[in-house]
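Subject: Structure for you to look at

Dear colleague,

Here is the structure I said I would pass on. My notes on it follow below.

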Amino acid sequence: MEISASMDTSAIDLAEKSHVKEKLPWYHASSFLLLWPALFFAVAYPLYNAMPKPVNIDEELYKPGQFVSERAQHLLLELDRLGPKLIGDEMNEKTMIEFLLREMDSVHREMRHDLYNLEVDVQRASGSYLAVDSIIMYQAVQNVIVKLTPRQSNSSAYLLINSHYDTKVGSVGAGDAGSMVVIMLEVLRQLATSSESFEHPLIFLFNGAEENEMHGSHAFITQHKWSPSCKAMINVDSLGAGGRELLLRSGPFHPWLIRHYKAAAKHPFGTTLAEEIFETGIINSKSDFRIFRDYGPLPGLDMVVQYNGFVYHTKYDRFDVISRDSLQSTGDNLLSLVKSISNAKEMLDVKAHAKGRSVYFDFLGLFFVSYLESTAIFLNIGFGGGGIIIVYFSLWYMSNKLDIDIGTVAKEFAVMFLMELLSFGLALGLPMLIATFYDAGNRTMTYFTNSWLVIGLYIIPSIIGLVLPVTIYLIIGSSKRIPSNYRLQIAGHAHCIFFALLCIMLTALSVRSAYLLMISLLFYVGALCINMITRLHERGYFWSLVLCACQAIPFLYFSYLFYACLVIYIPLTGRTGTTANPDLPIAILCAAGTILALGFLVPLINVFRYPVIIISIMTCTTFIFVLVSVSELGFPYRPRTNVMRLNFLQVNRKFYDYNGSLSQEDSGYYFGLQDHRKEQPLRDKLDLTGLVGIADKCDCQMRCGLPCDTQRWLPRMQPVQMPGDITLELLNKTIVNSGYSIRYDFKLAGPARMTIHLMPLEGVKMVDWSFLRGMLDSPAKYKPPYQITFTWGADSSPIEFYVELTKTNGKFNEPVFEIGIAGHYLSHVHKRDALSAQFIKEFPDFVNAVEWPTSYDRYIY
């Protein structure tokens, strides 16, 4: 028996030495590692940036019915030359209305009058609704609405297509959302001139007040005569300028819309992952989609242009950054979608088709995949459970082949599974740790301009984390009974089981993005089945070739997907606020993409000799990237292309006492900083002596005595000259409710955007007012000071309102409440204060300052 055991050990030792000899020289690992980025840049990257060939006007004669991007581009240039379009300005309230009506007239002249009827309406509406922390009021906002009805149609179900033509302060808005407006105009033209009719009438809503809390869409969906007949909608908007549009959201709970997108979209681009990330609120962005969904409620598709978010809401969002092929891509998709949904039978009874949610994604833009969530549950659990079963059979086969008990193999698998958990933790933790260190050293956003820095800062550390525990264990935890090629297979099995359990768990939690794990499992199980059938897993490391071949497809998809995530999110870090570390989401995205794309692949560096050398080279590479990132190359901002965003308000404040006397007046500059670096990049360029945070004043003044959320305040000696006046007139002061309450009636006049702050004093309670009662009816949710924002469009008439308060001691001949009125002079028609204009000229060229004068008057009654 001793002789037999000795012979078995010798045979295993010889086999182990044979497998070591089969390993490739370590320097060949570079070819293996470089293969994958080469595959990404050869396939995934070009397909991500692929665009259709633009259609010219002269091609329309022999290619009728196509979206003509040249005509749309001509209109976009005209919109660009008009300049900013701000609510309340003549450009927005008159010139844009005339522009749209002119285009409607052009369509009307060209349309097939025998097939269609075209109606145009200019809506002017006032209203209000309750937002997260304030009441939103608007007066005389305008929408241009077009109804295209097939003459033979009897359908009362309308499809709504929406975008907005107003812009942010200081931005021409060629991307957001002028490009969407001209695309809608061309789609309308093509449909009205087409000989192919459709079943359901179409509503094209060109809304004039989206940038101010979505007033235009709220006005339409709650008040317009055609809105009750709208049964579904397509919202098109922009988070950037140019490029492909992303299907950001669908439904909710209307999978038939995704089926139509799958059938109709010529250039599909969308993923459930984006929808679920957006729904978490991580991306602080609002759109009309939410208003239609909540106040309609309308199901629909939310499509946004996402490329080049660096120019979004800046003065660089101009005509020249939007290519004609990007207009063609979105136009093709929108035209095809409208044709498809306008003939959908589901439109006749939308509620009957509200059955579940969809899982969807495009594969490299080549085709679109979608299926119901119920099918996703079956697939995820099926491949998760199938992965567990096939791994069990593989381990059982190993024990038979090696003539050892299954317990020995199970112990090896258990240890390898622990290494897998450690690998996952390190792959996720190392990038997050680096992001934390960069935050501590005030070096965040080094990738903002040179996005390739994320490769060395976050992706390579994640790769190191993936491979390090397994590699160390394979080196120091040698097994005399299980050869190294089998142990490396067991490492892959451990990764498979981990993914399988994670996939099943996420599916149980109704996370539809678990489809990503299902895809990874599908191709690993496929490779394992091939290897077991061909018995390649018995022949040294030949099984790894099959694994690499099968992993090529998921690698391409995951690298394409997470590259898209980075293209969208990196520009967002320039406007996600000053508090949260923006590098953490980037680190997590890089780590998640690395784990999914390379989780089964990078442990294969153990196919090469001396894998520690390979890990050491990757570590040195990360160190080099760190050195580069802390140099000038790591400075986040560049003029025009990658700017620092800054809201810069020139504020004049007046504080009136109870007796009406002016107790304090001062002026200063309010810095609304939008990224984590705060004012640090400005200190070497500007004289910021006296710049302070004003949190210490929040305890003694309502809302810190400022018209906006608190950040940085720079006092100035000379008062800021306001381009206009705000008047708050007390009309009446009446004791009501048998002497227990008091009512104040006011009239307020001022600029197009004003904010009212109301703060009952100690012992006083607000019991009624002329605004929506939602805040007063939910005292546990809404605490004073209360905020009401008011915006007027085409009518600047003063507003009248009242407030009613009760006081425990019943004494109303003393202070009862504070009211603060902020007036925002957003229009560039207003003449700027000369001293403020001079200070703005001193800003560095990498700063995009969105600036306007603001007055703040505080009264005590």
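In which sense do strand β5 and β7 pair, and over how many bridges? This is a predicted model, and in it β5 (residues 230-238) and β7 pair in the parallel sense, over six bridges. Within that pairing, Asn-235 stands opposite Asp-302 of β7. Strand β6 (residues 245-251) also pairs with β7, in the antiparallel sense and over six bridges. There, Gly-251 is set opposite Gly-300 of β7.

Is strand β7 buried or exposed? Six of the six residues of β7 (residues 300-305) are buried, so the strand is largely enclosed by the rest of the structure. Both faces are covered. On one side the buried residues are Gly-300, Asp-302 and Val-304, and on the other they are Leu-301, Met-303 and Val-305.

Further along the chain there is an open sheet of four strands, in the order β14-β15-β19-β17, with antiparallel pairing. Its edge strands, β14 (727-736) and β17 (764-769), each pair on one side only. From one strand to the next the twist averages 25 degrees. Inside this sheet, β15 (residues 741-749) and β19 (residues 799-807) are joined in the antiparallel sense by eight bridges. Arg-743 stands opposite Glu-804 in β19.

Next, a helix pair. The axes of α16 (residues 543-572) and α17 (residues 583-598) come within 8 Å and cross at roughly 170 degrees. Angles over 145 degrees count as roughly antiparallel, and α16 and α17 are therefore roughly antiparallel to each other. The residues of α16 that meet α17 include Phe-555, Phe-558, Phe-562, Leu-566 and Tyr-569. On the α17 side, the residues in contact include Ile-586, Leu-589, Ala-592, Leu-596 and Leu-598. By class, the contact of α16 with α17 has 15 nonpolar, two polar and no charged residues.

On aromatic rings, the structure holds 53 pairs. One of them is formed by Phe-32 and Trp-36, which is edge-to-face, with 6.3 Å centre to centre and 85 degrees between the planes. Phe-32 and Trp-36 both lie in helix α2 (residues 29-48), four residues apart, or about one turn of the helix. Why do both count as buried? The cut-off for buried is under 20% relative accessible area; Phe-32 has 12% and Trp-36 has 5%, so both fall below that cut-off.

The rings of Phe-635 and Phe-846 have their centres 5.2 Å apart and their planes at 75 degrees, so this pair is edge-to-face as well. The pair links distant parts of the chain, with the two positions 211 residues apart. Phe-635 sits in the loop between α18 (611-629) and β10 (644-656), while Phe-846 is in the loop between α20 (834-841) and β21 (847-860). Phe-635 is partly exposed, with a relative accessible area of 21%, whereas Phe-846, at 6%, counts as buried.

Lastly, ring pairs link a set of residues into a cluster: Tyr-656, Tyr-744, Phe-746, Trp-769, Phe-771, Tyr-786, Phe-801, Phe-817, Tyr-859 and Tyr-861.

Regards

Technical notes:
Residues are numbered from 1 along each chain as its sequence is written. This is a predicted model: local features need pLDDT of at least 70, side-chain atom pairs count only at pLDDT 80 or more; totals for chains, interfaces and linings use all residues. Side-chain values use heavy atoms; hydrogens and water are left out. Two strands pair if DSSP finds at least two bridges between them. Axes are lines fitted to C-alpha atoms, for helices over the stretch in contact, and angles run from 0 to 180 degrees between N-to-C directions. Angles under 35 degrees count as roughly parallel, over 145 as roughly antiparallel, 65 to 115 as roughly perpendicular and the rest as oblique. Contact means heavy atoms within 4.5 Å. Ala, Val, Leu, Ile, Met, Phe, Trp, Tyr, Cys and Pro count as nonpolar, Asp, Glu, Lys and Arg as charged, and the others, Gly among them, as polar. Rings of Phe, Tyr and Trp (its six-membered ring) pair if their centres lie within 6.5 Å; planes under 30 degrees apart count as stacked, over 60 as edge-to-face and the rest as tilted. Buried means under 20% relative accessible area, exposed over 50%, partly exposed in between (1.4 Å probe, protein chains only).
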